[in-house]
Amino acid sequence: MRTQRGLVDYALQRRALLAEVMSGRTGVTEVCDATPYLIRAAKFHGVPTDVSCPVCRKEPLTHVYWVYGDEIKHMAGSARQPPELEKMATTFGEFSVYQVEVCRTCSWNHLVASFVMGFKGEQAPKRRRAVK
């Protein structure tokens with residue numbers, strides 16, 4: 001995404017959690033706990049991926065993008081698709097996006113990444129001309 005900045009990737013945290021599950025130190029029911037609201041958001045607003053679920057391996061994961069921020073008012077806390085995020089980035093100065101992967105079969109979910117979007121950090125500072 002063009003205006004994405006301040007990316008935080010949670011891949012290491014994901015890998016550590018999956019190692020805990022595979023070793024039996026953490027139960028599957030503890031990590032497969034997606035809410036019905038998240039599952040519904042994945043169904044209607046999610047972006048399908050080619051990556052199969054690391055827990056059940058039955059279905060490809062779906063990415064859901066949640067938006068938050070003071071400027072976006074009533075949109076805050078809603079799921080949006082990437083084209084909508086790009087449009088929002090040209091309209092709003094700054095908002096946060098949280099990318100979550102979801103398995104609609106076993107309810108696995110994990111935060112993949114978080115980043116900031118908007119036109120606020122995109123513009124170069126204006127230079128003042130010296131008055132002669």
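## Strand β3 and its partners

In this predicted model, strand β3 is largely enclosed by the rest of the structure, because 7 of its 9 residues are buried. The strand covers residues 60–68, and three other strands are described here as its partners, namely β2, β5 and β4.

Strand β2, which spans residues 47–52, pairs with β3 in the antiparallel sense over 3 bridges, and within this pairing V47 stands opposite H63 of β3. Strands β3 and β5 also run antiparallel and are joined by 7 bridges; here the bridge partner of Y65 is Q99 in β5. Between β3 and β4 the sense is again antiparallel, with 3 bridges, and W66 has A79 of β4 as its bridge partner.

## The nonpolar core

Which residues make up the largest nonpolar core? The set has 12 residues in all, and these are Y65, V67, I72, M75, L85, M88, A89, F92, F95, V97, F115 and M117. The elements that contribute two or more residues to this core are β3, α4 (82–91), β5 and β6, and helix α4 provides the largest share, with 3 residues.

V97, a member of this core, illustrates how these parts of the chain meet: leaving out residues up to four places away in sequence, V97 touches Y65, W66, V67, L85, A113, S114, F115 and M117.

## Aromatic pairs

The model contains 2 aromatic pairs. In one of them, the ring centres of Y37 and W66 lie 5.6 Å apart and the ring planes meet at 35°, so the pair is classed as tilted; a tilted pair is one that falls between the limits of under 30 degrees for stacked and over 60 for edge-to-face. This pair links distant parts of the chain, since Y37 belongs to helix α3 (residues 36–45) and W66 to strand β3, and the two residues are 29 residues apart. W66 counts as buried because its relative accessibility is 8%, which is under the 20% cut-off.

The other pair is formed by Y68 and Y98, whose ring centres are 5.8 Å apart and whose planes stand at 70°, so the arrangement is edge-to-face. This pair also links distant parts of the chain, with Y68 in strand β3 and Y98 in strand β5 (residues 95–102), 30 residues apart. Both rings belong to partly exposed residues: Y68 has a relative accessible area of 39%, and Y98 has one of 30%.

## Loop residues with positive phi

What is the phi of S107, a residue other than glycine? The angle is positive and near 75°, and S107 is placed in the loop between β5 and β6 (109–117). Although S107 lies in a loop, this residue is buried, with a relative accessible area of 17%. Leaving aside neighbours within four places in sequence, S107 is in contact with V31, C32, D33, A34 and I39. S107 and L38 are 69 residues apart in sequence, while their C-alpha atoms are 9.0 Å apart in space.

K73 is likewise a residue other than glycine with a positive phi, in this case near 40°. K73 is placed in the loop between β3 and β4 (78–80). Is K73 buried or exposed? With a relative accessible area of 62%, K73 is exposed, whereas S107 is buried.

## Helix α1

Helix α1 runs over residues 11–23 and has 13 residues; from its first C-alpha to its last it reaches 18 Å, close to the 18 Å expected at 1.5 Å a residue. The helix is followed by G24, whose phi is positive and near 90°.

## The chain as a whole

The secondary structure comes to 4 helices and 6 strands, and along the sequence these elements follow the pattern β-α-α-α-β-β-β-α-β-β. Of the 132 residues in the chain, 38% are buried. The chain exposes about 8,600 Å², of which carbon and sulfur atoms supply 53%.

Among contacts in the chain between residues at least 6 apart in sequence, 61% join residues at least 24 apart. The aromatic pair of Y37 and W66, with its 29 residues of separation, and the pair of Y68 and Y98, with its 30 residues, are links between distant parts of the chain.

Definitions and conventions: Residues numbered from 1 in each chain as written. Predicted model: local features only at pLDDT ≥ 70, side-chain atom pairs only at ≥ 80, totals over all residues. Heavy atoms only, no water. Phe/Tyr/Trp six-rings, centres within 6.5 Å; stacked < 30°, edge-to-face > 60°. Buried < 20%, exposed > 50% of the residue type's maximum accessible area, 1.4 Å probe, protein only. Expected span 1.5 Å × (residues − 1). Contact = heavy atoms within 4.5 Å. Areas by Shrake-Rupley, 256 points an atom, 1.4 Å probe, with all protein chains shown as cover. Core = buried A, V, L, I, M, F, W, Y, C linked by side-chain atoms within 4.5 Å. Pairing = 2+ DSSP bridges.
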